[in-house]
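Open the model in your viewer and keep the selection tool handy. We will go from stop to stop, and at each one I will tell you what to pick and what is there.

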Amino acid sequence: MPSHDINEDLSGRTETRRPEASAKAIQNERRPALVSLGGELMAVPIPLERSQVIIGRALEADVRINDLRASRLHARINSDNDAQTGETLYSITDLGSTNGTLLNGELITEAPLNDGDKIVIGDHLFRFDMLDEIDREFQHQIHRLLAHDELTGLLTSKSFFSELRREAARAQSESRPFCVLMMDLDHFKEVNDTYGHLVGSKTLEEMGHVIKQALRAGDVAARFGGEEFAAFLLDANYPQGLVAAERVRSAVAKYAFPATRHDSPATTATHSITISIGVAAFPDDATDPIQLVELADSALYRAKRDGRNRICAYRPSLAMTEGPLPARRQS
């Protein structure tokens with residue numbers, strides 16, 4: 001059987017097309033970026049738009065990394081214009097860090113940067129790249145795939161903990177409260193047993209949408225695996241966290257989840273499900289972000305034991321007065 005190239009017309013001639021000027025301009029406009037090759041920032045392209053960009057553990061660093069082997073202000077990337085050629089030159093300077101800065105495997109104090117150079121700071125590995133718009137979008141897409149749960153679109157548990165550690169450090173520095181919510185669907189196994197695993201997967205997919213819509217823009221939600229979800233709410237004290245948790249619980253209880261596959265003729269059948277939620281607050285319950293998750297998880301299982309479809313605070317005595325949940329502050 002003869003094959004046909006999709007680029008050929010019926011006469012067998014291949015159409016030719018000259019690249020548009022705009023496409024050439026996109027490819028030629030290459031800008032400097034650090035691309036993380038591992039760790040919590042995996043595949044993230046970090047733009048280097050300023051003349052000096054400082055990398056370190058401190059809140060005041062331009063690129064902040066959660067890494068105990070990195071110094072607070074560890075290294076600086078510099079950009080300078082060559083007076084003779086007009087070309088922009090890039091270099092990296094170690095800022096007297098405890099563990100040093102490696103460039104292509106060598107300890108440096110200051111060195112020029114070239115496209116493709118590898119930089120090690122603490123346990124983080126970066127590549128210095130000159131990226132065009134297509135490259136940058138590709139790197140963002142890769143990061144989104146790595147950081148987000150494919151089914152629900154929420155963060156993965158690993159990405160959630162990275163964000164939580166970062167925001168916990170900021171909250172501690174600025175004396176701002178926040179709450180952690182741990183959530184688990186009630187009797188989810190019955191959905192799979194009654195309607196099948198395809199309906200169960202669709203339920204989880206739409207659950208991600210319901211949870212995200214019930215929270216404020218800027219609050220962070222994740223799927224921890226199976227039917228367990230989590231969120232943290234910035235600038236929310238205990239009672240305000242409970243208000244947000246009730247918004248999620250109520251939205252889930254009211255939502256009509258599809259009970260048939262999307263390609264089935266009986267598309268109107270629906271089912272309902274409920275969710276139990278545990279809440280812990282910073283700094284009332286703990287200041288360590290991992291401990292906060294554990295305490296919220298403990299409260300979640302109390303909600304399960306008490307009958308499900310309810311919210312439990314880790315310390316109910318601190319959650320007596322309800323108030324409106326404020327808009328998230330601009331960072």
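## A tour by selection

Start with P283, which sits in the loop between β17 and α7 (289-305). This is a predicted model, so treat each stop as part of a prediction. Now add F282 to the selection: the peptide bond joining F282 and P283 is cis, with omega about 5°. Most peptide bonds are trans.

**Two loops beside β12**

Next, select S175, in the loop between α3 (157-174) and β12. S175 is not a glycine, yet its phi is positive, about 55°. Its relative accessibility is 66%, so S175 counts as exposed.

Then go to H187, in the loop between β12 and α4. H187 also is not a glycine and has a positive phi of about 55°. With a relative accessible area of 44%, H187 is partly exposed. For background, most residues other than glycine have a negative phi.

**Into the largest core**

Which residues have the most contacts inside the largest nonpolar core? Select L181, M183 and I211: they hold that place in a core of 32 residues. To colour the elements that give two or more residues to this core, choose β12 (178-185), α4 (188-195), α5, β14 (228-234), α6 and β17 (275-282).

Centre on L181 and show what is around it. Leaving out neighbours within four places in sequence, L181 is in contact with F229, A230, A231, L233, G241, A245, I277, G278 and V279. A second, separate core has 22 residues, among them A70, A75, I77 and F128.

**Where two helices cross**

Now display α5 (residues 197-214) with α6 (residues 238-254): their axes come within 9 Å and cross at roughly 140°. That angle makes α5 oblique to α6. The crossing of α5 past α6 is right-handed.

Show side chains here. From α5, M207, V210, I211 and A214 meet R247, V248, A251 and V252 of α6. The residues of this contact divide into 7 nonpolar, no polar and 1 charged. In soluble globular proteins, nonpolar side chains tend to be buried together.

**Last stop: a strand residue**

Finally, select I108 in strand β8 (residues 106-108). Is I108 buried or exposed? Its relative accessibility is 14%, under the 20% cut-off, so I108 counts as buried. Not counting residues up to four places away in sequence, I108 touches I92, D94, T101 and L103. Try a distance label between I108 and I92: they are 16 residues apart in sequence, and their C-alpha atoms are 8.6 Å apart in space.

Definitions and conventions
Residues are numbered from 1 along each chain as its sequence is written. This is a predicted model: local features need pLDDT of at least 70, side-chain atom pairs count only at pLDDT 80 or more; totals for chains, interfaces and linings use all residues. Side-chain values use heavy atoms; hydrogens and water are left out. Axes are lines fitted to C-alpha atoms, for helices over the stretch in contact, and angles run from 0 to 180 degrees between N-to-C directions. Helices (H or I, at least four residues) and strands (E, at least two) are DSSP runs, numbered from the N terminus. Angles under 35 degrees count as roughly parallel, over 145 as roughly antiparallel, 65 to 115 as roughly perpendicular and the rest as oblique. A crossing is left-handed if the near helix is turned anticlockwise from the far one by less than a right angle, and right-handed if clockwise. Contact means heavy atoms within 4.5 Å. Ala, Val, Leu, Ile, Met, Phe, Trp, Tyr, Cys and Pro count as nonpolar, Asp, Glu, Lys and Arg as charged, and the others, Gly among them, as polar. Buried means under 20% relative accessible area, exposed over 50%, partly exposed in between (1.4 Å probe, protein chains only). A nonpolar core is a set of buried Ala, Val, Leu, Ile, Met, Phe, Trp, Tyr and Cys residues joined through side-chain atoms within 4.5 Å.
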